[in-house]
Amino acid sequence: MIKADYPVAIITGASRGIGAAIALLLARRKYKICINYNKNQLAAQDIVQQIEKIGGAAIAVQADVADEEQIVRMFSVVDQKLGQINALVNNAGILFPQTSVEHLTAARVNQILQTNVTGTIICCREAIKRMAYKNGGIGGSIVNISSRAAVLGSPHEYVDYAASKGAIDTITTGLALELADQGIRVNAVRPGIIYTEMHASGGEANRVERLKSKIPMQRGGYPNEVAEAVYWLLSEKASFTTGTFIDVAGGR
Ligand code: NAP
């Protein structure tokens with residue numbers, strides 16, 4: 001076990017994009033990190049190496065957050081290798097090629113909900129078992145990565161994905177209230193349009209370029225700009241903040 005002098009964070013989907021930026025920022029601020037990933041082991045290992053180069057501690061753990069058993073296994077690996085967790089960032093999320101609701105299938109919608117919503121709830125459950133006062137824990141902080149899509153609805157692109165992020169907002173509100181006297185704060189960050197590979201999954205790698213003139217600040221956002229908001233919410237600087245949302249979206 002790595003000695004537990006520093007806070008321990010699990011970041012789901014941290015091999016790339018926003019999750020990787022959160023992992024690198026938290027490592028610079030002395031967190032020990034579990035880099036969760038699903039398929040891209042090389043990318044996850046690369047983030048671990050970048051963290052080790054700056055003197056931090058990280059492990060990469062494969063687990064598909066759509067699979068309850070794999071989540072349970074990931075938390076138990078973290079117990080053994082990093083120690084008691086204090087922070088969970090539910091960042092892993094998927095979307096599929098842009099389309100309208102009239103072309104959606106149940107299989108596609110269910111896959112999105114299982115990954116984005118069920119995965120978040122099950123990760124929260126495992127964190128609560130370890131962090132809540134009533135379970136012998138010392139408290140902690142959870143940040144859910146939602147999206148401005150939860151508010152805007154993503155018409156003709158991915159209403160199914162937007163709906164999953166609406167659920168994340170509701171989970172954040174409900175869970176914050178459930179855990180307010182258990183030493184666990186629960187908040188969410190709603191990114192706007194951010195430069196990552198996710199837009200390629202939606203079938204439009206250059207989506208940020210197409211839409212940036214519609215963003216009041218006239219540009220897309222960068223993963224590290226989202227990471228700073230996550231870090232603040234996790235930290236003791238946000239000690240009286242729970243059940244709240246930070247939009248990191250350039251005004252859109
Ligand atoms: P991304 O570049 O596509 O990266 C997705 C990450 O999630 C990867 O690390 C991937 O792992 C992991 N992942 C995917 N499915 C997984 C699963 N079933 N189990 C575990 N990990 C899984 O995405 P991103 O843009 O950084 O998005 C991160 C979060 O921000 C998502 O929740 C997304 O909805 C939200 N968001 C993004 C934007 C944006 O404009 N980019 C805007 C609003 C909200 P592998 O490398 O192994 O595939």
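Visitor: Is C124 buried or exposed?
Guide: This is a predicted model, and the accessibility of C124 is computed from it. A residue counts as buried when its relative accessible area is under 20%. C124 has a relative accessible area of 3%, so C124 is buried.

Visitor: Why is the sulfur of C124 in no bond with the closest cysteine sulfur, in C123?
Guide: A disulfide needs two cysteine sulfur atoms within 2.5 Å. The sulfur of C123 is the closest one to that of C124, but it is too far for a bond because the distance is 7.2 Å.

Visitor: How many disulfides does a search of the whole structure find?
Guide: A disulfide is a covalent bond between the sulfur atoms of two cysteines. C34 is in no disulfide, since its nearest cysteine sulfur, that of C123, is 9.5 Å away, and the cut-off is 2.5 Å. For the whole structure, the search gives a count of 0.

Visitor: Which helix or strand gives the most residues to the largest nonpolar core?
Guide: The largest nonpolar core has 35 residues, and I22, L26, I33, I35, I51, V189 and V230 touch the most other members. Several elements each supply at least two residues, including β1 (8-11), α1 (17-28) and β2 (32-37). The top contribution is 9 residues, and it comes from α1.

Visitor: Which residues does L26 touch, not counting those up to four places away in sequence?
Guide: L26 is among the core residues that touch the most other members. With residues up to four places away left out, the list for L26 is A9, I11, Y31, I33, Y231 and L234.

Visitor: How many residues are in the second, separate core?
Guide: C34 is buried, with a relative accessible area of 0%. The second core includes C34, along with L82, A127 and I184. Its size is 28 residues.

Visitor: Which helix gives the most to the lining of the largest cavity?
Guide: The count comes to 1 cavity of 30 Å³ or more, and the largest holds about 30 Å³ of space. Its lining is made of T12, V65, N90, N91, A92, T115, G119, T120 and C123. By class, 3 of these are nonpolar, 6 are polar and none is charged. With 4 residues, the helix that gives the most is α4 (residues 106-131).

Visitor: Is E228 buried, partly exposed or exposed?
Guide: E228 is found in helix α9 and, neighbours within four places aside, is in contact with L25 and R29. Partly exposed lies between the limits of 20% and 50%. The relative accessibility of E228 is 38%, so E228 is partly exposed.

How values were computed. Residues numbered from 1 in each chain as written. Predicted model: local features only at pLDDT ≥ 70, side-chain atom pairs only at ≥ 80, totals over all residues. Heavy atoms only, no water. Buried < 20%, exposed > 50% of the residue type's maximum accessible area, 1.4 Å probe, protein only. Core = buried A, V, L, I, M, F, W, Y, C linked by side-chain atoms within 4.5 Å. Contact = heavy atoms within 4.5 Å. 1 Å grid on protein atoms, 1.4 Å probe; cavity = no way out; pocket = protein on both sides within 12 Å on 5 of 7 lines; lining within 4 Å. Points joined across faces, edges and corners; volume = space filled by probe spheres on them. Nonpolar A, V, L, I, M, F, W, Y, C, P; charged D, E, K, R; others polar.
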